[in-house]
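Me: I should like a close look at one side chain in this model, followed by an account of the fold around it. Please define each term where it is used.

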Amino acid sequence: MIIARWYCQARFGHKQELIEKTREWWSTIGREIGQTDYTITTGSVGAAESVIAVDLRVADMATLNAQWDKLAERADHREWGKAIEPLVVSGSTRWEIYRVVV
């Protein structure tokens, strides 16, 4: 199993709206492409308060790649990206991949 962590920083004053749009994406588009085992978190103590992170649990990289391939074909995913652009600190989004060992 792997954990694919997507995260970004919300622009000042836009954190709650970005959280809502992130929840909406994973409950609709994410679910439709098979990304159903996830947790959305935000920075608190010792982490930047503006950080929004999603930990997605998937079986392996092949599964994740297949899901990402499906995204490339979706106009609604592209529209979502454009909709969140004014809410996100430019250049702050990224994916990190972790392997579960226990």
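Which backbone atom lies 3.3 Å from a polar atom of the side chain of Q67?

Reply: The atom is the backbone oxygen of G34, which lies 3.3 Å from a polar atom of the Q67 side chain. The model is a predicted one, in which local features need pLDDT of at least 70 and side-chain atom pairs count only at pLDDT 80 or more, whereas totals for chains, interfaces and linings use all residues. Residues are numbered from 1 along each chain as its sequence is written, and side-chain values use heavy atoms, with hydrogens and water left out.

A polar contact is a pair of N or O atoms within 3.5 Å; within protein, one atom must be able to donate a hydrogen and the other to accept it, and residues adjacent in sequence count only if both atoms are side-chain atoms. Q67 belongs to helix α2; helices (H or I, at least four residues) and strands (E, at least two) are DSSP runs numbered from the N terminus. With a relative accessible area of 5%, Q67 is buried. Buried means under 20% relative accessible area, exposed over 50%, and partly exposed in between, with a 1.4 Å probe and protein chains only. Apart from neighbours within four places in sequence, Q67 is in contact with I33, G34, Q35, L56 and V58, where contact means heavy atoms within 4.5 Å.

The setting of Q67 follows from the sheet. Four strands, in the order β2-β3-β1-β4, make an open sheet with antiparallel pairing. The edges are taken by β2 (38–42) and β4 (94–99), each with a single partner strand, so one side of each has no neighbour in the sheet. From one strand to the next, the twist averages 20°. Two strands count as paired if DSSP finds at least two bridges between them. In general, strands of a sheet pair through backbone hydrogen bonds, either parallel or antiparallel.

β1 (residues 2–9) pairs with β4 in the antiparallel sense over six bridges, and the bridge partner of A4 in β4 is I97. Helix α2 (residues 61–72) packs on this sheet and touches β1, β3 (51–58) and β4; its direction makes about 120° with that of β3. For such angles, axes are lines fitted to C-alpha atoms, for helices over the stretch in contact, and the angles run from 0 to 180 degrees between N-to-C directions. β1 and β3 run antiparallel and are joined by eight bridges, with Q9 standing opposite V51 of β3. β1 is mostly covered, as six of its eight residues are buried.

Next to these strands, S50 lies in the loop between β2 and β3 and is partly exposed, at 22% relative accessible area. Not counting residues up to four places away in sequence, S50 touches C8, Q9 and A10. The side chains of S50 and Q9 are joined by a polar contact of 3.1 Å. S50 and M61 are 11 residues apart along the chain, yet their C-alpha atoms are separated by 28 Å.

Past the end of α2, R74 is found in the loop between α2 and α3 (75–84). R74 is buried, with a relative accessible area of 17%. Its side chain makes a polar contact of 2.6 Å with that of E32. Leaving aside neighbours within four places in sequence, the contacts of R74 are I29, E32 and I33. I33 also appears among the contacts of Q67. In helix α1 (residues 15–32), Q16 is partly exposed, with a relative accessible area of 45%.

As for the whole protein chain, three helices and four strands are present, in the pattern β-α-β-β-α-α-β along the sequence. The radius of gyration is 14 Å, close to the 13 Å that the globule rule gives for 102 residues, so the chain is as compact as a globular protein of that length. This radius is taken over C-alpha atoms, and the globule rule is 2.2 Å times the number of residues to the power 0.38. Buried residues account for 33% of the 102 residues. Of the contacts between residues at least 6 apart in sequence, 74% join residues at least 24 apart. The accessible surface comes to about 6300 Å², of which 52% belongs to carbon and sulfur atoms; accessible areas come from the Shrake-Rupley method with a 1.4 Å probe, and for residues only the protein chains shown count as cover.
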